[in-house]
Amino acid sequence: MAMRQTPLTCSGHTRPVVDLAFSGITPYGYFLISACKDGKPMLRQGDTGDWIGTFLGHKGAVWGATLNNEATKAATAAADFTAKVWDAVTGDEVLTLAHKHIVKSVNFTQDSSCLLTGGNDKIIRIYDLNKPETEPQEITGHTSAIKKALWCNNDTQILSAADDKTVRLWDRNSTEVVKQLSFDMSVSSMEYIPDGEVLVITYGKTIAFYNALSLEMIKTVDAPASIHSASLHPDKDFFVAGGDDFKLYKFDYGTEEELESYKGHFGPVHCVRFSPDGELYASGSEDGTLRLWQTAVGKTYGLWKCVLPEELVSENSDTIYCTPAAPEIKA
């Protein structure tokens, strides 16, 4: 029998959702943060999408958001020329880090002691959160706005993607470029997988996989539409991607075969990420919603419960409905 994918819809934002990130798995489960052009990043329970709180304080669109592994701290990057650090438990603002232009990307070190930022002023900055009064370390070299900056290789190196059509690997201590990739167009997204040191890059219709330490290409896969974001499953069995045609695509990582495609959003998909346990993936869209999708459709998990009530099964039906108990999660 066929299984029907029924995503959970998380509403509450009033403008396009442009970035999202999961925490690690904590004693209280895992958590999800979303960045939105409405300037109000939201924290949710990761496996259900239940709204926990909204971080209030930015005076412009929020372009980037992240959580530390323990989900005790959050960081956001915004168009008000600031990055902010938040207490993710109380929702209180801890730090405001002033920049000279729009900030697009924020990323914590594994021990949460430093924050990496990047944005439209083309400068990568490293802030010591234990000494917030000190000036940040600055790394220059990109010639256009930085879209993403991520720690890698146990926080000894930095990966950055910019509108200058390059992805660069930097040494943290020397601040020198170790390797560089150049493309024919701007990179639309970048994901770093520490386990196995895999870098996922999207540009145009292409989803490309690289070794994050050597920047040697592993493989590329072309999607049916222009792709804005892609994410590799923690077990590296599958990857998902979304973009201009409103759909979520799921591919087999080994064979590169397109396995499924789902349409649920009513606008382009701007961001997609797998949960830390790999049981679901979250997508954010121009339509202002986040949606949670099951990796294995039909599995009882979170708010999804797979049932076979007699009234849903007819002689002419070969579909099993795996229904969420609460299909729309509102803030």
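In this predicted model, the charged end of lysine 250 is placed over the ring of phenylalanine 238, at 4.3 Å from the ring centre. A second contact of this kind involves lysine 219, whose charged end sits over the ring of tyrosine 253, 4.2 Å from its centre.

Tyrosine 253 also takes part in ring–ring contacts, and the count of aromatic pairs comes to 12. Phenylalanine 239 and tyrosine 253 pair edge-to-face, with 6.4 Å from centre to centre and 85° between the planes. Phenylalanine 239 belongs to strand 24 (residues 238-243) and tyrosine 253 to the loop between strand 25 (247-252) and strand 26 (258-263), so the pair ties together parts 14 residues apart in sequence. Both of these residues, phenylalanine 239 and tyrosine 253, are buried. A stacked arrangement is found for tyrosine 262 and tryptophan 293, with centres 5.9 Å apart and planes at 20°. This pair links strand 26 to strand 29 (residues 290-294), across 31 residues, and tyrosine 262 and tryptophan 293 are both buried. Ring pairs further join Phe209, Phe239, Tyr249, Phe251 and Tyr253 into a cluster.

Turning to the pockets, the largest has a volume of about 1000 Å³. Its lining comprises 40 residues, with Phe22, Asn69, Asn107, Tyr192 and Pro194 closest to the centre. By class, 19 of the lining residues are nonpolar, 13 polar and 8 charged. The second largest pocket holds about 430 Å³ and is lined by 15 residues, with Val18, Trp63, Lys147, Ser188 and His270 nearest its centre. Strand 27 contributes the most to this second lining, with 3 residues, and the lining divides into 4 nonpolar, 5 polar and 6 charged residues.

Terms used:
Residues numbered from 1 in each chain as written. Predicted model: local features only at pLDDT ≥ 70, side-chain atom pairs only at ≥ 80, totals over all residues. Heavy atoms only, no water. 1 Å grid on protein atoms, 1.4 Å probe; cavity = no way out; pocket = protein on both sides within 12 Å on 5 of 7 lines; lining within 4 Å. Points joined across faces, edges and corners; volume = space filled by probe spheres on them. Nonpolar A, V, L, I, M, F, W, Y, C, P; charged D, E, K, R; others polar. Helix = DSSP H or I, 4+ residues; strand = E, 2+ residues; numbered from the N terminus. Phe/Tyr/Trp six-rings, centres within 6.5 Å; stacked < 30°, edge-to-face > 60°. Buried < 20%, exposed > 50% of the residue type's maximum accessible area, 1.4 Å probe, protein only. Lys NZ or Arg CZ within 6 Å of the ring centre and 35° of its normal.
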